[in-house]
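The following exercises concern a predicted model. Each one sets a task and then works through the solution in steps.

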Amino acid sequence: MRKKMKKWMFLSITLLSILVLTACGSKADKSSKKQLLLATNSGKATEQFIALQEIAETYNSQQDKVEVEVSFLNDYEPTMKTKMAANDLPDLFFTHGWSLTRYSEYLEPLESEKWVDKISPFVKDRITSKDGKIYVLPLDISLGGIMFNEKILADLNIDWHSIKTWNDFIDVCEIVKKSGKTPIALGGTKDSWSIANYMDFVLPTFLVTNEKENYGVELLDGSFDWENIEPFYNHFTELYDKGYFNDDVQEGTNQDAIDSFAANEVAFRFDISSFIKEVNRISPDLGVGFMPIPTMSKEDEPITITGEGIAIGAWKDSENKKEAVEFLDYLSQPENINKVAASDVFPTGLVGDGYQSDLGSLTPYIDEAEKYRAFGYFDRDYLPSGMWDTMINVGEGIINKTSDKKDVIRIFQADYDKLIKQ
């Protein structure tokens, strides 16, 4: 009996030792993994953040030596500027439209990666430097134009293909207004970024899309004379003075604009394709279309606005640079690209077999949009960093009638002259 007891105790101690050693080994394995940080500006509750987190969790479960953490950085731009100044950046991070002009010197060049040949033509020019460098993997594309209410246009016998110039657009707005509907929904001065967004989409058609009257070089070299913005100012104030914007544009919010569109009260909204997601949450059956942005002259052609949606780069000085680039390769797989693009309702950043984003009723319109010229967001491509705030301030001044044409020109010129030197 005593021998059996000793044998049982020996087996128990041995088993306990194995369990303890195994547990310790598991902790050691996890702590020995290289920790990669992916910094985002998407909040933790957003569909984009959740999609990326799920992808990272799947990746981590397949790895013995690497663990990727998706982390939301509050006050993203100021935080990243501080990190750039200290040259202490995350292993991987969102470039939010600025992979070339703001972040390229901190990013690992990626043009030799196998997925580069699959980058969508919608965005490839936007993320390729003059010397052919590419610094980010574009998971999806921020595609902008004019979202329209299919029913309102159909009821008024308006074919969006006929709207090629701003004069055409104004004629249609008058028809819409006379029908009792609101032509254009803008977020008001409580969400004045919506007004700046309108400028971002429309200013190219006044300043850079027409080759016969193109100020692109001057805008970039610092010699642009902001007196040349007068035609845009006249256009915007004409729309406002004729009552083509929503009645609450002075005090309303962006959500008010979404609500009124979803309630079948508004014909047009200048926005990105993800706008349909917001509308369909309220009115799932409302038909939403997408059309390009008109231009000033019949000699010119309508355009779309394209740029980085979710685009991720790898910090070139990271101790984990090799592993970071390997994770980008994993992200480039169709199931991961599709998952992220679907969370935004954006077209996929890579194209070809297996790449497909669910764009709902926008699908045929987005397919057609490929034939139009694509221009980048105006502030990203042609203005010095910081002038997004200028557009917000100017937009508020116009809407509130506190800034006239001379004020608008003066404010733009002063901020441009100051910021282009920084």
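**Exercise 1. Determine how strand β1 (residues 34–40) is joined to strand β2 (residues 66–72), and what unit they make with helix α2 (residues 47–61).**

Solution.
- Step 1. Strands β1 and β2 are joined by 7 bridges and run parallel.
- Step 2. One of the bridge pairs consists of K34 and its partner V66 in β2.
- Step 3. Adding helix α2 to β1 and β2 gives a β-α-β unit, and this unit is right-handed.

**Exercise 2. Give the strand order of the open sheet that contains β1 and β2, and explain why one side of each edge strand lacks a neighbour.**

Solution.
- Step 1. The sheet consists of 5 strands in the order β2-β1-β3-β10-β4, with mixed pairing.
- Step 2. The edges are occupied by β2 and β4 (137–138); each has a single partner strand, so one side of each has no neighbour in the sheet.
- Step 3. Strand β1 runs parallel to strand β3 (residues 92–94), to which 2 bridges join it. Within this pairing, A39 has F93 of β3 as its bridge partner.
- Step 4. Helix α2 packs on the sheet and touches β1, β2, β3 and β10 (311–314). The direction of α2 makes about 170° with that of β2.

**Exercise 3. Locate E108 and describe its surroundings.**

Solution.
- Step 1. The loop between β3 and α4 (121–127) holds E108.
- Step 2. Leaving aside residues up to four places away in sequence, E108 touches I134, Y135, A314, K316, K321 and V325.
- Step 3. With K321 there is also a polar contact: the side chains of E108 and K321 make it at 3.3 Å.

**Exercise 4. Classify the ring pairs that W166 forms with F169 and with F270.**

Solution.
- Step 1. A pair of aromatic rings is described by the distance of the centres and the angle of the planes. The structure holds 26 such aromatic pairs.
- Step 2. For W166 and F169, the ring centres are 5.6 Å apart and the planes stand at 90°; the pair is therefore edge-to-face.
- Step 3. Both residues belong to helix α6 (residues 166–178), where they are 3 residues apart, about one turn of the helix. Both W166 and F169 are buried.
- Step 4. For W166 and F270, the values are 6.3 Å centre to centre and 25° between the planes, and this aromatic pair is stacked.
- Step 5. The second pair links distant parts of the chain, as W166 lies in helix α6 and F270 in strand β7 (residues 266–272), 104 residues apart.
- Step 6. W166 has a relative accessible area of 4% and is buried. F270 has a relative accessibility of 4%, and therefore counts as buried.
- Step 7. The three residues belong to one aromatic cluster, formed by W166, F169, Y198, F206, F232, F236, Y240, F245, F268 and F270.

**Exercise 5. Identify the pairings of strand β5 (residues 141–149) with β7, β8 and β9, and decide whether β5 is enclosed or open.**

Solution.
- Step 1. Between β5 and β7 there are 5 bridges, in the antiparallel sense. F148 stands opposite F268 of β7, and F268 is also among the members of the aromatic cluster in Exercise 4.
- Step 2. Strand β8 (residues 288–291) runs antiparallel to β5 and is joined to it by 4 bridges. There, V288 in β8 is the bridge partner of N149.
- Step 3. Strand β9 (residues 303–308) is likewise antiparallel to β5, with 4 bridges. In that pairing, G307 of β9 stands opposite S142.
- Step 4. Of the 9 residues of β5, 9 are buried, so the strand is largely enclosed by the rest of the structure.

**Exercise 6. Is G386 buried or partly exposed, and how far is its C-alpha atom from that of G43?**

Solution.
- Step 1. G386 is found in the loop between α15 (378–382) and α16 (387–399).
- Step 2. The relative accessibility of G386 is 37%, so this residue counts as partly exposed.
- Step 3. G386 and G43 are 343 residues apart along the chain, and 23 Å separates their C-alpha atoms.

**Exercise 7. Summarise the chain as a whole by its elements, extent, burial and contacts.**

Solution.
- Step 1. The chain contains 17 helices and 11 strands.
- Step 2. Along the principal axes, its C-alpha atoms fill a box of roughly 100 × 50 × 40 Å.
- Step 3. The chain has 422 residues, of which 53% count as buried.
- Step 4. Among contacts in the chain with a separation of 6 or more, 75% are between residues 24 or more positions apart.

Note on methods: Residues numbered from 1 in each chain as written. Predicted model: local features only at pLDDT ≥ 70, side-chain atom pairs only at ≥ 80, totals over all residues. Heavy atoms only, no water. Pairing = 2+ DSSP bridges. Right-handed = clockwise from strand over helix to strand, strands pointing away. Contact = heavy atoms within 4.5 Å. Axes fitted to C-alpha atoms, helices over the stretch in contact; angles between N-to-C directions. Polar contact = N/O pair within 3.5 Å; in protein donor to acceptor, adjacent residues only side chain to side chain. Phe/Tyr/Trp six-rings, centres within 6.5 Å; stacked < 30°, edge-to-face > 60°. Buried < 20%, exposed > 50% of the residue type's maximum accessible area, 1.4 Å probe, protein only.
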